[in-house]
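The following exercises concern a single protein chain and its ligand site. Each task is followed by a solution set out step by step.

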Amino acid sequence: MRDDIRAWLDAESGLPDQPLRGEFYVDAGIFAAEMRDVLGRQWLYADHVSRIPRPGDYFLFEVGGESIIVVRRKDGTIGAYFNVCRHRGSRICLDRQGSLSSFVCPYHAWTYDLDGALRGAAHMPDDFERRDAGLMPCHVRELEGLIFLCLAEGEAPDFDALAEIARPYLALNGLAPARLAARRSYPTSANWKLVVDNFQECYHCAPAHKLYSSAHSKDKLLAFGAGPGSGPVDAAERFSGELATWRERASAAGTWLDARAEEEDDIRSIWSVGRLPIKAGALTESVDGAPVSRLMGRFAEFDGGHSAVAFNVFSYFLASNDHVVMIRFTPRGVLETDVEFQWFVHPEAEEDVDYEVERLVRVWDVTTTEDKRITEDNQAGVASSRYRPGRFSALEGRLSTIKRWYLHEMATASVPSHEELGA
Ligand code: FES
Ligand SMILES: [Fe+2]
């Protein structure tokens with residue numbers, strides 16, 4: 001890591017209550033370090049298993065400069081491989097999704113099985129060992145129909161502890177067999193940290209998101225707008241009556257689940273889970289609170305609750321009783337972040353009978369279009385010579401926590417840089 005970056009990281013650790021200095025949002029060297037030390041150590045939500053139902057079905061997951069092939073193998077399991085030929089390094093799969101019986105490199109036609117093994121390589125010397133030239137694997141895990149990838153070069157961080165905490169929230173909605181009803185992209189010309197910070201505070205909800213603010217309880221947005229611990233204590237107190245009434249109702253229906261987040265002393269990971277009421281009278285997260293599809297999973301009736309799981313800062317699950325929203329923030333470059341939303345419904349829900357796509361996606365489609373604009377405006381400002389970090393408000397508590405986590409990950413880089421190796 002460059003010495004100036006190290007000095008900036010040191011200085012920032014003494015400034016927990018304010019955003020990062022401008023270089024963190026524009027510097028290519030910082031982005032390269034983040035790809036390895038921050039992104040490379042996360043379990044990122046890639047897609048739902050229904051995207052690759054048959055052997056040979058694959059899609060590409062692209063993050064930073066990396067491209068990962070995620071494929072349904074012949075034995076029905078899911079494999080993930082770096083999309084890099086073991087001959088001279090060409091990309092192998094060029095289409096973003098498809099169905100194949102083997103992977104054939106377009107350059108010199110080396111051919112790989114669906115399990116990554118090199119099967120064919122013409123005109124190679126006699127002492128060439130095919131078994132040493134299989135595709136580089138990427139860590140992959142499944143949870144209730146969700147596919148997660150970790151790009152770590154060595155061992156991946158633990159997946160199971162958070163998976164078990166998150167599982168009940170996902171299972172309540174029957175996510176594994178759920179059906180994708182819509183997928184929309186909002187590519188955002190901003191550094192990923194601005195995209196993440198914007199999603200982790202609701203200070204901007206009132207000024208920037210009229211529709212979102214009208215769909216949710218006002219007191220809840222102040223107290224828990226960006227998850228447990230995101231608002232001040234007095235707001236949580238004001239919301240406690242509404243919360244207690246709903247908790248009683250959900251408990252009676254067997255659908256109440258606790259709200260929790262990472263512990264103060266475990267800053268290695270950022271996560272949260274919770275179920276909260278939407279707002280008085282609302283059955284689902286929609287423009288008017290009225291259902292947008294049929295009940296999913298274990299819900300026998302509408303309980304007015306909304307589940308949220310933040311697996312990390314990049315991967316989120318949000319769910320009403322009748323639909324699930326999966327959200328992916330994927331850094332692609334210093335100033336480019338892919339933002340993808342997916343809406344899932346009951347596996348037997350029929351379009352235009354049980355749901356209309358525009359009604360289903362409305363709240364988050366409008367909100368995310370607004371978020372794209374405010375985040376891009378934020379990027380333009382932090383790139384200015386006159387940007388000076390301000391101060392976090394009482395509604396931006398999560399941003400201090402995330403900053404602490406980010407600085408910790410950057411400071412505990414697991415892999416030495418070229419300079420450090422003396423290269
Ligand atoms: S680079 Fe793939 S076969 Fe040559
Ligand atoms: Fe927002």
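**Exercise 1.** State how the residues of the lining of the largest cavity divide into nonpolar, polar and charged, and determine which elements give two or more residues to that lining.

*Solution.*
Step 1. In this predicted model, the lining of the largest cavity consists of 18 nonpolar, twelve polar and four charged residues.
Step 2. The lining comprises 34 residues, and those nearest the centre of the cavity are Tyr-212, Gly-225, Ala-226, Gly-227 and Leu-318.
Step 3. Two or more lining residues come from each of helix H4 (192-199), helix H7 (218-224), strand S13 (272-277), strand S14 (305-310), strand S15 (315-319) and H9.
Step 4. The volume of this largest cavity is about 500 Å³. The count of cavities of 30 Å³ or more is five.

**Exercise 2.** Identify the atoms that coordinate the iron ion (ligand 2), and decide how its site is classified.

*Solution.*
Step 1. The iron ion (ligand 2) is coordinated by NE2 of His-204, NE2 of His-209 and two OD atoms of Asp-371, at 2.0 to 2.6 Å.
Step 2. Along the chain, the donors have the spacing H-x4-H-x161-D. Distant parts of the chain are thereby linked: His-209 is in the loop between helix H5 (205-208) and helix H6 (210-215), while Asp-371, 162 residues apart from His-209, is in helix H9 (residues 357-382).
Step 3. The angles among the four donor atoms run from 55 to 152 degrees. Four donors count as tetrahedral if all angles lie between 85 and 135 degrees, and as square planar if opposite donors are over 155 degrees apart and all others between 65 and 115. The site is therefore irregular.
Step 4. Both His-209 and Asp-371 are buried.

**Exercise 3.** Describe the largest pocket and the second largest pocket by volume and by lining.

*Solution.*
Step 1. The largest pocket holds about 610 Å³ of space. Its lining has 20 residues, with Arg-36, Phe-82, Leu-151, Ala-152 and Glu-153 closest to the centre.
Step 2. By class, the lining of the largest pocket contains nine nonpolar, five polar and six charged residues.
Step 3. For the second largest pocket the volume is about 450 Å³. It is lined by 21 residues, and Trp-43, Pro-157, Asp-158, Leu-162 and Ser-269 lie nearest its centre.
Step 4. Helix H3 (residues 160-172) gives the most to the lining of the second largest pocket, namely five residues. The classes in that lining are 13 nonpolar, three polar and five charged.

**Exercise 4.** Is Glu-409 buried or exposed, and how many Å separate its C-alpha atom from that of Ser-269?

*Solution.*
Step 1. Glu-409 belongs to helix H10 (residues 397-411).
Step 2. The relative accessibility of Glu-409 is 0%, so the residue counts as buried.
Step 3. Glu-409 and Ser-269 are 140 residues apart along the chain, and their C-alpha atoms are separated by 9.1 Å. Ser-269 is one of the residues nearest the centre of the second largest pocket.

**Exercise 5.** Which feature does UniProt place at residues 44-149, and what percentages of helix and strand does the chain have there?

*Solution.*
Step 1. An unreviewed UniProt entry gives the feature "domain: Rieske" for residues 44-149.
Step 2. Over this range the chain is 0% helix and 41% strand, with its end C-alpha atoms 5 Å apart.

**Exercise 6.** Locate Leu-94, Ser-101 and Ala-109, and classify each by accessibility.

*Solution.*
Step 1. Leu-94 is in the loop between strand S4 (78-82) and strand S5 (97-99). Leu-94 counts as exposed because its relative accessibility is 60%. From Leu-94 to Arg-247 the C-alpha distance is 50 Å, at 153 residues apart in sequence.
Step 2. Ser-101 is in the loop between S5 and S6. With 56% relative accessibility, Ser-101 counts as exposed. Between Ser-101 and Pro-125, 24 residues apart in sequence, the C-alpha distance is 26 Å.
Step 3. Ala-109 is in the loop between strand S6 (103-104) and strand S7 (111-112). At 43% relative accessibility, Ala-109 counts as partly exposed.

**Exercise 7.** What is the value of phi in Ala-109 and in Glu-144?

*Solution.*
Step 1. Ala-109, a residue other than glycine, has a positive phi near 70 degrees.
Step 2. Glu-144, in the loop between strand S9 (139-143) and strand S10 (146-150), has a positive phi near 50 degrees.

Notes
Residues numbered from 1 in each chain as written. Chains lettered and ligands numbered in written order. Predicted model: local features only at pLDDT ≥ 70, side-chain atom pairs only at ≥ 80, totals over all residues. Heavy atoms only, no water. Donors = N, O, S within 2.8 Å, 3.2 Å for Na, K, Ca; no water. Tetrahedral: all angles 85-135°; square planar, octahedral: opposite > 155°, others 65-115°. Helix = DSSP H or I, 4+ residues; strand = E, 2+ residues; numbered from the N terminus. Buried < 20%, exposed > 50% of the residue type's maximum accessible area, 1.4 Å probe, protein only. 1 Å grid on protein atoms, 1.4 Å probe; cavity = no way out; pocket = protein on both sides within 12 Å on 5 of 7 lines; lining within 4 Å. Points joined across faces, edges and corners; volume = space filled by probe spheres on them. Nonpolar A, V, L, I, M, F, W, Y, C, P; charged D, E, K, R; others polar. UniProt positions renumbered as here; feature names shortened; annotations may be inferred.
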